[in-house]
Amino acid sequence: MSITNENAIAQPVGTTLERYIMRKQAEFAFATGELSQLLRDIALAGKIVNREVNRAGLTSIIGAMGQQNVQGEAQQKLDVEANIRFIRALTNGGEACAVLSEEEDDIIHTGNCQGKYVVAIDPLDGSSNIDVNISIGTIFSIYRRVTPVGLEATREDFLQGGRKQVAAGYILYGSSTMLVYTTGHGVVGFTYENSLGEFFLSHPSIRIPASGTTFSCNEGNWFDYAQYVRDFLTQCKQQRMSGRYVGSLVADYHRNLFTGGIYLYPPTAKNPQGKLRLLYEGYPLAFVIEQAGGRAETGTGAVLDIEPTEFHQRAPLYVGSATLVQDLVALAPVEATPA
Ligand code: AMP
Ligand code: P6P
């Protein structure tokens, strides 16, 4: 049988994450392999969390822990499990000197003081959806430390600002599990093959459509929204756009990344700065969307241009297709834009 026979038994399985990471590292002659290892560590933890998420219904892991996280949100058991898995993988991998997690008040020092990277992470976002089997996700952001190697990381390493990110991305635990990330040279996507325990390159270059017909927000907060946000949403409805809101950020964001659209979490009475956290939700998702040709704004400027002051600070998030985000921002009152 000719190996080029279309029905050949041994169809190529594709490019594994490992092979892709090594190819990319080779493009940087000075690279030591530390970032590559960090990406592997994140992927490994993602595989383990994927296994836990997939079998959550069969084990006693579903449900709340009866305690709250730093956000004052009920911690789900899978939240805690994911937090442990990512911190352990990053600690054992040796490349991250510290981790800032949504689930932890303060910096977690890994003991890898020789590590030159720090990682901010939301180990399992959308946790309120866990028990009802809706897609959830991990969001991560990687910085090169600014404090001396050999010492423990400090606040300074995590409060560098969104445009200092070296890499960022997310893992979506959905109908299939995907790893999507950027290192500043476009956006790439990998799909997990459970039977082989491998991520395979499925989307070599992800670009968000310039516009779209989907808007994603919790309209239950309508009467809290600023008038310009309501005006924008009214325009969307007059144009017969589709409202799609899963209530799981990574799921809504990922769909809009592929189909075009805009996700909005504006300031509300309950969350006057918006609900979403800047360091491990806003910044990483803004980095990815800008690399994919989209935009991420707060209503008073680009998300990536916000000066960070606190680990767990929140910020409004309007993210998605450039044209839709621009249409929203154009309606924002001039006084709301920075001097
Ligand atoms: P390293 O010395 O391994 O930490 O790599 C130094 C820099 O080279 C990183 O901060 C990236 O900007 C780039 N780099 C190294 N490895 C990779 C990779 N696998 N993918 C993308 N960029 C990489
Ligand atoms: P609301 C989940 O808790 C989350 O952080 C995001 O995943 C999601 O988009 C948002 O909050 C949902 O918030 O207030 O609409 O329920």
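**Exercise 1. Find the strand that pairs with S1 and work out what sits in the turn.**

Start with the pairing: strand S1 (residues 64-68) runs antiparallel to strand S2 (residues 74-76), and two bridges join them. Strands here are DSSP runs (E, at least two residues), as helices are (H or I, at least four), numbered from the N terminus. Two strands count as paired if DSSP finds at least two bridges between them. Next, pick a bridge partner: glutamine 68 stands opposite alanine 74 in S2. Finally, look at the turn: S1 and S2 form a hairpin with five residues between them, and glycine 72 there has a positive phi of about 80°.

A word on the ground rules. This is a predicted model, where local features need pLDDT of at least 70 and side-chain atom pairs count only at pLDDT 80 or more, while totals for chains, interfaces and linings use all residues. Residues are numbered from 1 along each chain as its sequence is written, chains are lettered from A and ligands numbered from 1 in the order in which they are written, and side-chain values use heavy atoms, with hydrogens and water left out.

**Exercise 2. Trace the strand order in the two open sheets.**

Take the eight-stranded sheet: its order is S4-S3-S5-S6-S7-S8-S9-S10, with mixed pairing. Its edges are strand S4 (108-109) and strand S10 (198-203), each pairing on one side only. Now zoom in on S7 and S8, which pair in the antiparallel sense over six bridges. In that pairing, leucine 172 has methionine 178 of S8 as its bridge partner.

Then do the five-stranded sheet, which reads S12-S11-S13-S15-S14, again open and with mixed pairing. Here strand S12 (242-243) and strand S14 (295-297) are the edge strands. Inside, strand S13 (residues 262-265) and strand S15 (residues 317-320) are antiparallel over four bridges. Tyrosine 265 is matched with leucine 317 in S15.

**Exercise 3. Describe how the two domains meet.**

First, set the bounds: domain 1 covers 17-203 and domain 2 covers 214-331, as given by an automatic or database domain assignment. Their C-alpha centres lie 22 Å apart.

Second, count contacts (heavy atoms within 4.5 Å): 48 residues of domain 1 touch 32 residues of domain 2. The two domains bury about 3,000 Å² between them, 63% of it on carbon and sulfur atoms. That area is the accessible area (1.4 Å probe) lost when the two parts are put together, summed over both.

Third, go for the polar side. There are 12 residue pairs in polar contact between domain 1 and domain 2, both residues at pLDDT 80 or more. Such a contact is a pair of N or O atoms within 3.5 Å; within protein, one must be able to donate a hydrogen and the other to accept it, and residues adjacent in sequence count only if both atoms are side-chain atoms.

Fourth, see who supplies the domain 1 side: S7 gives the largest share, eight residues.

**Exercise 4. Pick out salt bridges and say what one of them ties together.**

Use the rule: a side-chain nitrogen of Lys or Arg within 4 Å of a carboxyl oxygen of Asp or Glu. The structure holds 13 of these. Try arginine 277 and glutamate 102, whose closest N and O atoms are 2.0 Å apart. Arginine 277 lies in the loop between S13 and helix H7 (278-291), and glutamate 102 in the loop between S3 and S4, so the pair links parts 175 residues apart in sequence. Across the interface of domain 1 and domain 2, the rule finds three salt bridges.
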